[in-house]
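Student: I am new to this structure, and I would like a careful look at a single part of it rather than a quick tour of everything. Please choose one part, set it in its surroundings, and take me through it step by step.

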Amino acid sequence: MVNIAKDPATGLNGAVAAEFRAERVAKKITFNVLTRRVSLSKSTLLLLFNARRLISLEALVEITSALGVSVIEIIERAEKRLERESPESKPEP
């Protein structure tokens, strides 16, 4: 199970934000287009994408829908990202 840290830049929240950024770039969706597809303000969206605010379940669903990807896929990719970046997963020299 993944811990959700209080610092929005760490843990699952930070990994989800990184996956949002990667998906947006991969699909070549501009930030302005994405802003028009969701009910969130551009400033809120920027805070979420830069992991400066915790992502609510409602925002997660809305953003994944606007990006054309499932919530489950984003969460699974974020968990894999955390595993790759975890100090425990790296072999000692």
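Tutor: A helix here is a DSSP run of H or I at least four residues long, and helices are numbered from the N terminus. With that in hand, the protein chain of this predicted model reads α-α-α-α-α along the sequence, with five helices and zero strands. Of its 93 residues, 37% are buried, and among contacts between residues at least 6 apart in sequence, 59% join residues at least 24 apart.

The part I suggest is helix α4, which covers residues 57-67 and has Ala59, Leu60, Ile63, Thr64, Ala66 and Leu67 as its buried residues. Looking down the axis of α4, one finds these buried residues within an arc of 160 degrees, so they line one face of the helix. On the other side of α4, Leu57, Glu58 and Ser65 are exposed. Just after the helix comes Gly68, whose phi is positive, at about 75 degrees.

What do the buried residues of α4 pack against? Their partners are α1 (11-26), α2, α3 (42-49) and α5 (71-85). The pairing with α5 can be followed in detail, and two packed helices are described by the angle between their axes and the distance between the axes. The axes of α4 and α5 come within 9 Å and cross at roughly 105 degrees; angles of 65 to 115 degrees count as roughly perpendicular, and the two helices are therefore roughly perpendicular to each other. Leu60, Val61 and Thr64 of α4 make this contact with Val71, Ile74 and Ile75 of α5. Sorted by class, the residues of the contact are five nonpolar, one polar and no charged.

The same helix also matters for the core of the model, and in soluble globular proteins nonpolar side chains tend to be buried together. The largest nonpolar core has 21 residues, and Val16, Phe20, Leu45 and Ile63 have the most contacts inside it. Each of α1, α2, α3, α4 and α5 supplies at least two residues of this core, but α4 gives the most, with five residues. Phe20 shows the connection well: leaving aside its neighbours within four places in sequence, its contacts include Leu60, Ile63, Thr64 and Leu67, and also Ile74.

Two charged residues also reach the end of this helix. Glu23, which lies in helix α1, is buried with a relative accessible area of 8%, and beyond its neighbours within four places in sequence Glu23 is in contact with Leu67, Val69 and Arg77. Arg37 belongs to helix α2 (residues 31-37) and, at 47% relative accessibility, counts as partly exposed. Beyond its neighbours within four places in sequence, Arg37 is in contact with Ile29 and Ala66, while 8.4 Å separates the C-alpha atoms of Arg37 and Ile63, which are 26 residues apart along the chain.

Key:
Residues numbered from 1 in each chain as written. Predicted model: local features only at pLDDT ≥ 70, side-chain atom pairs only at ≥ 80, totals over all residues. Heavy atoms only, no water. Buried < 20%, exposed > 50% of the residue type's maximum accessible area, 1.4 Å probe, protein only. Contact = heavy atoms within 4.5 Å. Arc of directions from axis to C-beta. Axes fitted to C-alpha atoms, helices over the stretch in contact; angles between N-to-C directions. Parallel < 35°, antiparallel > 145°, perpendicular 65-115°, else oblique. Nonpolar A, V, L, I, M, F, W, Y, C, P; charged D, E, K, R; others polar. Core = buried A, V, L, I, M, F, W, Y, C linked by side-chain atoms within 4.5 Å.
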